[in-house]
Amino acid sequence: MNYNTDKYKIYTWKTPLVLHWIINPGLAINELIFGQKVPKVSLVDKTSDLPFIERSFVPCPHCNALHDQRTWSTQNGTAFKNWFGLYCKSCGKIIPCVHNLFSLLILALTFPIWGWFRKSLKENWLSKQAQRFENLDTTKIPNPFDGKNWWISGLKWAGFMFLTMQVIWPLLDGTGITWESLAKGAVIWPISGFFFGFTMKVFTTKRGRKKEHTLID
Ligand SMILES: [Zn+2]
């Protein structure tokens, strides 16, 4: 598919943000457990002066529909459970997504277990998609990092990371929960959360360059 590069900046696997999704081992959890997916191609309108999240789109290669990126958001309950890819509500097909390398590896190693059920799992998943995307109004979705919300979102993220890295992970890998690691986490995650919230605020609200109107048009 050819896109208008005068209007859109094209995000593919070569974009650092997407590349990070592919190579960060931790994100395999997001893909495999939560079913969070990143499309192979995203378009960002560089001529619009709207905040970043309001000028990001996902094109469907099957029907050419251009979907607002917020179609797949936590507020809609559609950010997760997208194990087989992003569902296109216009044509009912699946928009191709990139794969995290570590989830690919895990999937390959465990293929003998789930491979048998792949077809029925996918059919079952696909049959449930249409209703998830019914009556979506992406314009009503507030940016969780806008205004003063960024630090609340940052703290929520910190809480999630603390629980995952200081409580759940030590239990899984057998090292056990220690006071030292809890204390470390209580310092590291709020600070990281502060930076995370702030970075996301700057990033999601960044405006494109609106084309200046000249006397000719
Ligand atoms: Zn489509």
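User: Which residues coordinate the zinc ion?

Analyst: Happy to start there, with the note that this is a predicted model. The zinc ion sits among sulfur donors, each an SG atom, at 2.2 to 2.3 Å. The residues that supply these atoms are Cys60, Cys63, Cys88 and Cys91.

User: What is the geometry at the site of the zinc ion?

Analyst: The angles among the 4 donor atoms run from 106 to 114°. Four donors count as tetrahedral if all angles lie between 85 and 135 degrees. For four such donors the ideal angle is 109.5 degrees. The site of the zinc ion is therefore tetrahedral.

User: What spacing do the donors of the zinc ion follow along the chain, and how many residues apart are Cys63 and Cys88?

Analyst: Along the chain, the donors follow the spacing C-x2-C-x24-C-x2-C. Cys63 belongs to the loop between β3 (56–59) and β4 (66–68), while Cys88 belongs to the loop between β5 (86–87) and β6 (94–95). This pair links distant parts of the chain, and the separation is 25 residues.

User: Are Cys63 and Cys88 buried or partly exposed?

Analyst: Let's take them one at a time, remembering that buried means under 20% relative accessible area. Cys63 has 30% relative accessibility, so Cys63 counts as partly exposed. Cys88 has 0%, so Cys88 counts as buried.

User: How many salt bridges does the structure hold?

Analyst: Side chains of opposite charge can pair when their charged atoms come close. Among the pairs here are Glu31 with Lys37 and Arg70 with Asp68. The structure's total is 4.

User: Which parts does the salt bridge of Asp45 and Lys7 tie together, and how many residues apart are they in sequence?

Analyst: The two side chains meet at 3.0 Å, N to O. Asp45 is in strand β2 (residues 42–45) and Lys7 is in the segment before β1 (8–11), so the bridge ties together parts of the chain that are apart in sequence by 38 residues.

User: Of Asp45 and Lys7, which is buried and which is partly exposed?

Analyst: Lys7 has a relative accessible area of 30%, so Lys7 is partly exposed. Asp45 has a relative accessible area of 8%, so the buried partner is Asp45.

User: What is the distance between the closest N and O atoms of Arg70 and Asp68?

Analyst: Both partners lie under the 20% cut-off for buried residues. Arg70 is buried because its relative accessible area is 9%, and Asp68 is buried because its own is 14%. Their closest N and O atoms are apart by 2.8 Å.

Technical notes. Residues are numbered from 1 along each chain as its sequence is written. This is a predicted model: local features need pLDDT of at least 70, side-chain atom pairs count only at pLDDT 80 or more; totals for chains, interfaces and linings use all residues. Side-chain values use heavy atoms; hydrogens and water are left out. Donors are N, O and S atoms within 2.8 Å of the metal (3.2 Å for Na, K and Ca); water is not among the atoms, so sites may look incomplete. Four donors count as tetrahedral if all angles lie between 85 and 135 degrees; four count as square planar and six as octahedral if opposite donors are over 155 degrees apart and all others between 65 and 115; anything else is irregular. Helices (H or I, at least four residues) and strands (E, at least two) are DSSP runs, numbered from the N terminus. Buried means under 20% relative accessible area, exposed over 50%, partly exposed in between (1.4 Å probe, protein chains only).
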